[in-house]
Amino acid sequence: MADDIPFDKRLELAPDTVREPTPGLRVVMANNPGPFTFKGTMSYILGRGRVAIVDPGPDDPAHTAALLDAVRGETVTHIFVTHTHRDHSPGVPAIKAATGATVYAEGPHRAARPLHIGENNPLDSSGDRDFKPDVALKDGEVVTGDGWTLAAVTTPGHTANHMAYAFKENNTLFAGDHVMGWATSIVAPPDGAMSDYMASLQKLAKRGETIYFPGHGPAIRDASRFVNYYILHRKAREASILHRLAKGETDIPSIVRAIYIGIDPRLTGAAGMSVLAHMEDLVTRGLVETDGSPAIDGLYRLPRG
Ligand SMILES: [Zn+2]
């Protein structure tokens with residue numbers, strides 16, 4: 001899957017140990033490997049002495065202890081959260097309780113659109129609905145700490161409240177799960193939306209950060225080129241879906257089988273949700289038709305004429 005993007009799956013990093021990929025930035029990876037998390041969630045520590053933590057990670061006492069250990073003798077003044085999936089934000093309360101830091105994020109977990117009548121949210125268990133930031137940031141808002149400056153970059157799509165953070169001093173970006181170096185991001189309705197996701201990619205493509213530090217996997221060294229690969233990949237995926245519909249396929253499972261060749265079987269459900277996300281976008285744009293609201297078990301066709 002997605003062999004058009006130059007993924008980097010080399011990552012020699014022991015969980016819950018501290019590494020400093022660049023001066024003034026430390027990383028501690030949580031021990032939560034899996035098909036959606038690669039080897040684990042990356043928690044970042046900015047600065048020295050008076051520091052910020054980006055994405056405290058899952059509710060995992062070992063990870064919380066490793067983070068607190070990494071900053072022993074220092075003061076955590078700020079906690080930033082990229083989005084409210086369970087592998088990123090549930091570590092917040094323990095870190096906040098231990099440090100008294102102020103929590104910044106775009107906002108609480110929410111879906112990208114209301115549920116359709118009769119629709120259940122299959123993603124209910126993946127969202128951290130307890131999360132509430134102390135400070136809700138708007139796009140472009142700047143937060144300054146001791147030796148670092150972060151600018152909020154709203155990047156909805158993977159989740160409605162996804163926010164990346166530009167680290168001004170380093171010309172780098174904490175990309176969360178919006179752009180990752182090891183795999184494509186999952187865009188699954190109703191929490192995610194493909195039209196938002198594409199718009200957020202285009203927005204990042206116009207920015208100048210050279211390195212991305214993602215929520216999972218290694219740093220992305222050639223960030224703007226990589227974002228363009230991501231955009232091309234999504235456009236190719238959309239073209240494949242339209243091609244399968246032109247060939248007479250009508251349902252999402254058949255399309256997934258046809259275009260996600262060799263996919264990890266654990267990701268088939270997510271692939272279906274990604275195709276649904278494309279269908280929602282294509283139906284809105286009038287390029288695909290379906291009866292009623294686009295649904296995972298719906299039937300799809302190209303418009304006549
Ligand atoms: Zn994640």
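**A zinc site and three packed helices**

Start at the zinc ion. Its protein donors are Asp87 (OD), His88 (NE2), Asp177 (OD) and His216 (NE2), which lie 2.0 to 2.2 Å from the ion. Donors are N, O and S atoms within 2.8 Å of the metal (3.2 Å for Na, K and Ca); water is not among the atoms, so sites may look incomplete. The structure is a predicted model: local features need pLDDT of at least 70, side-chain atom pairs count only at pLDDT 80 or more, and totals for chains, interfaces and linings use all residues. Residues are numbered from 1 along each chain as its sequence is written, and side-chain values use heavy atoms, with hydrogens and water left out.

How are the donors spaced along the chain? They follow the pattern D-H-x88-D-x38-H. His88 sits in the loop between strand E5 (75–80) and helix H2 (92–99), and His216 in the loop between strand E12 (211–214) and H4; this pair is 128 residues apart and links distant parts of the chain. Helices (H or I, at least four residues) and strands (E, at least two) are DSSP runs, numbered from the N terminus.

Now look at the angles. The four donor atoms subtend 86 to 157° around the zinc ion, so the arrangement is irregular. Four donors count as tetrahedral if all angles lie between 85 and 135 degrees; four count as square planar and six as octahedral if opposite donors are over 155 degrees apart and all others between 65 and 115; anything else is irregular.

Next come the helices. The axes of H4 (residues 223–246) and H5 (residues 252–259) come within 10 Å and cross at roughly 120°. H4 is therefore oblique to H5. Axes are lines fitted to C-alpha atoms, for helices over the stretch in contact, and angles run from 0 to 180 degrees between N-to-C directions. Angles under 35 degrees count as roughly parallel, over 145 as roughly antiparallel, 65 to 115 as roughly perpendicular and the rest as oblique.

H5 also packs against H6 (residues 268–284), at an angle of about 110° with the axes 9 Å apart. These two helices are therefore roughly perpendicular. From H5, Ile252, Ile255 and Val256 meet Thr268, Ala271, Gly272, Val275, Leu276 and Met279 of H6. Contact means heavy atoms within 4.5 Å.

Two backbone details remain. Pro189 and Pro190 are joined by a cis peptide bond, with omega about 5°. Pro190 is in the loop between strand E11 (172–176) and helix H3 (194–205). Phe38 is a residue other than glycine with a positive phi, near 55°.
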